[in-house]
Amino acid sequence: MKRARVAHAGGVYEAVEAGGKVKLIDGRLLGEEDVVWLPPVTPGKIFALGLNYADHAKELSFQAPKEPLVFLKASNTLLGHRGQTRRPADATYMHYECELAVVIGRTAKNVAREAAYDYVGGYTVANDYAIRDYLENYYRPNLRVKSRDGCTPIGPWVVDVADVPDPMNLHLRTTVNGRVTQEGSTKDMIFSVPMLVEYLSGIMTLEPGDLILTGTPEGLADVKPGDEVVTEVEGVGRLVNTIAGDAEFGL
Amino acid sequence: MPPASGFSRYRSQFGHFLTPASSMPPETTNASADLSGASAPQVRLPGTVVAAALNFRGVLARLGDATNHDPYKKPPVAPVLYLKPPNTWIGPGDAIPCPQGIRELRMGGTLGVVIGRTACRVRERDALSHVGGYRIVNDVCIPHESYFRPAIRERCRDGFTPMGPAILDPEILPDPDRAGIRVRVNGEMQCSNTTANLVRGVARLIADISEFMTLQAGDVLLVGEPENAPLACPGDRVVVEIDGLGWIENRVVAKAAS
């Protein structure tokens, strides 16, 4: 099952995928472009991983971390499928990050990695944009880089855990205006999904709906206003986003 | 020991709106009837609790020249921020769980600024008009010195953000940049400071944060942990008091093995 939250004709609805279409909970069957896609979950906590792919850590000239590099994002940063993300005019380098996002399914506390999948409800795709100009070495990566309004598209759907039999062997791919710029596989994660659930639930209680953005492989590139950025995780979804300039935001 | 965590617990405890409480113990305040005032803004539960680090001059001064060296390389330009997620939220009187293997916790008594209406890219001079009220907060952490990586392990443990009721009257602090904050451990005054010592005052913080992060009604902004924040061990009673707002008390309790 694939579940979404969408707006259509004046209302906000839960929806599921039905034969390539969007089926609202009230029975209406719609095309992908007939709805406004909202973030499919409203998490209490949004975790993201830095440097969780060996190749990406190398790309940024970092040693692979010995402990997960985890940071938090606030809900202001979430944006649905087919949304618009602002690139500030003073930014010189803004890059996408295609990521497998884990949606927690039930309350998790001190969960061992062997049991971790019992606490996962599903998966979605995230694009964890960063504006590197604003990086500072205080609580790095800082919120100004990573928790900006609308800078974390997620969706389109949450795919039930049962429908993703091997989340640690999924192809990831980003295209910018149709050209492939990033490719990788979740099998190259340094800290796997079960390890992350174990690590985080050992620190704090995880609740249903909490999100874990598991990091991105190599292949980052600068994106400019007007670019269409598509982040795709095999078997999970294809998330479309467009970059907008300051003018569109009244600046 | 009961876990002090989670949104539903928070809802049951704070599922009512509150008005000035400075004259009574916060935990006895249940002022849903006081909301009849037409001026009371409709403030929802916190969506986001965002905190400023290094925002007391004394804390920044203590870091001193280290800000020019590795790993920081230069002094901070933007506010240094971190989030206190819902699992950390507890109320007055609730136990602050001290994780196993940790001997003592740091008690960062601070002012919580409650946003009253949406703030998106607001100017400093308009910022205070977006404040809906204030609440007393104890921003607890496991003692640590580094500001380099996000301190999730140290700051985001269950029950690490005791908060008093949201007092939805901005006039209760006519000047939020001149509020005395005191922390007592077992009755003994261990920290006394004032928001007059903030690097960025409340209006400036709201302006700088809302430049990239829209703040919604109910969101809470913690203005910073003062220098010399006291330590407390399991069994200790901790009171955070703020001029004009009142006080909250919590006890540190050793977390049981799970």
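Start by selecting Lys73(B): this residue is exposed, with a relative accessible area of 53%. Keep in mind as you click around that you are looking at a predicted model. Now add Asp70(B), which makes a salt bridge with Lys73(B), the closest N and O atoms being 3.2 Å apart. Asp70(B) is exposed too, at a relative accessible area of 61%.

**More charged pairs in chain B**

Next, pick Arg103(B) and Glu104(B). These two form a salt bridge, with 3.5 Å between the closest N and O atoms. Colour by accessibility and you'll find Arg103(B) exposed at 62%, while Glu104(B) comes out as partly exposed at 22%.

Then jump to Glu241(B) and Arg182(B), whose side chains meet in a salt bridge at 3.2 Å, N to O. Show the ribbon here: Glu241(B) sits in strand β12 (residues 237-242) of chain B and Arg182(B) in strand β8 (residues 180-185) of chain B, so this pair ties together parts that are 59 residues apart in sequence. Is Arg182(B) buried or exposed? With 17% relative accessibility, Arg182(B) counts as buried because the cut-off is under 20%.

While you have charges on display, hop over to chain A and select Lys73(A), Glu97(A), Asp128(A) and Lys146(A). Salt bridges with shared partners join these four into one network. Over all chains, the salt bridge count comes to 26.

**Zooming out on chain B**

Back to chain B, this time as a cartoon. You should be able to pick out five helices and 13 strands. Of the 258 residues in the chain, 57% count as buried. Draw the contacts between residues at least 6 apart in sequence, and 77% of those in chain B turn out to join residues at least 24 apart.

**A covered strand and its partner**

Select residues 80-83 of chain B, which is strand β2. Both of its faces are covered: Val80(B) and Tyr82(B) are buried on one side, Leu81(B) and Leu83(B) on the other. Add strand β1 (residues 49-53) of chain B, and you have an antiparallel pairing with β2(B) over four bridges. For one place where the strands line up, look at Ala53(B), which stands opposite Val80(B) in β2(B).

**Helix α5 of chain B**

Stay in this area and select residues 202-210 of chain B, helix α5. How many of its nine residues are buried? Eight of the nine are, leaving the helix mostly covered. Among the buried ones are Val202(B), Leu205(B), Ile206(B) and Ile209(B), and also Asp208(B) and Ser210(B). What do they pack against? Turn on the surroundings and you'll see β1 and β2 of chain B again, along with β5 (105-115), α3 (124-127), β6 (131-141) and β10 (220-222).

Now step back along the chain to Asn197(B), in the loop between β9 (188-194) and α5 of chain B. Asn197(B) counts as partly exposed, at 28% relative accessibility. Leave aside its neighbours within four places in sequence, and Asn197(B) is in contact with Asn55(B), Phe56(B) and Arg57(B). Try a distance to Arg178(B) as well: the two C-alpha atoms are 8.4 Å apart, with the residues 19 places apart along the chain.

**A hairpin in chain A**

Switch to chain A and select strand β15 (residues 171-176) and strand β16 (residues 179-185). They pair in the antiparallel sense over six bridges. Arg173(A) stands opposite Glu183(A) in β16(A). β15(A) and β16(A) make a hairpin with two residues between them, and Asn177(A) in the turn has a positive phi of about 50 degrees.

**Where the chains meet**

Last stop: show both chains and select the contact between them. Chain A supplies 35 residues and chain B 44 residues. Together the chains bury about 3,200 Å², 57% of it on carbon and sulfur atoms. Three salt bridges run between chain A and chain B. One to click on is Arg144(A) with Glu211(B), where the closest N and O atoms are 4.0 Å apart. Beyond salt bridges, look for polar contacts: 15 residue pairs make them between chain A and chain B, both residues at pLDDT 80 or more.

Which elements give two or more residues to the chain A side of this contact? They are β7 (69-73), α2 (143-146) and α3 (193-203) of chain A. β7(A) gives the most, with five residues. Colour that side of chain A by residue type to finish, and it divides into 16 nonpolar, eight polar and eleven charged residues.

Terms used:
Residues are numbered from 1 along each chain as its sequence is written. Chains are lettered from A and ligands numbered from 1 in the order in which they are written. This is a predicted model: local features need pLDDT of at least 70, side-chain atom pairs count only at pLDDT 80 or more; totals for chains, interfaces and linings use all residues. Side-chain values use heavy atoms; hydrogens and water are left out. Contact means heavy atoms within 4.5 Å. Buried area is the accessible area (1.4 Å probe) that two parts lose on being put together, summed over both. A polar contact is a pair of N or O atoms within 3.5 Å; within protein, one must be able to donate a hydrogen and the other to accept it, and residues adjacent in sequence count only if both atoms are side-chain atoms. Ala, Val, Leu, Ile, Met, Phe, Trp, Tyr, Cys and Pro count as nonpolar, Asp, Glu, Lys and Arg as charged, and the others, Gly among them, as polar. Buried means under 20% relative accessible area, exposed over 50%, partly exposed in between (1.4 Å probe, protein chains only). Two strands pair if DSSP finds at least two bridges between them.
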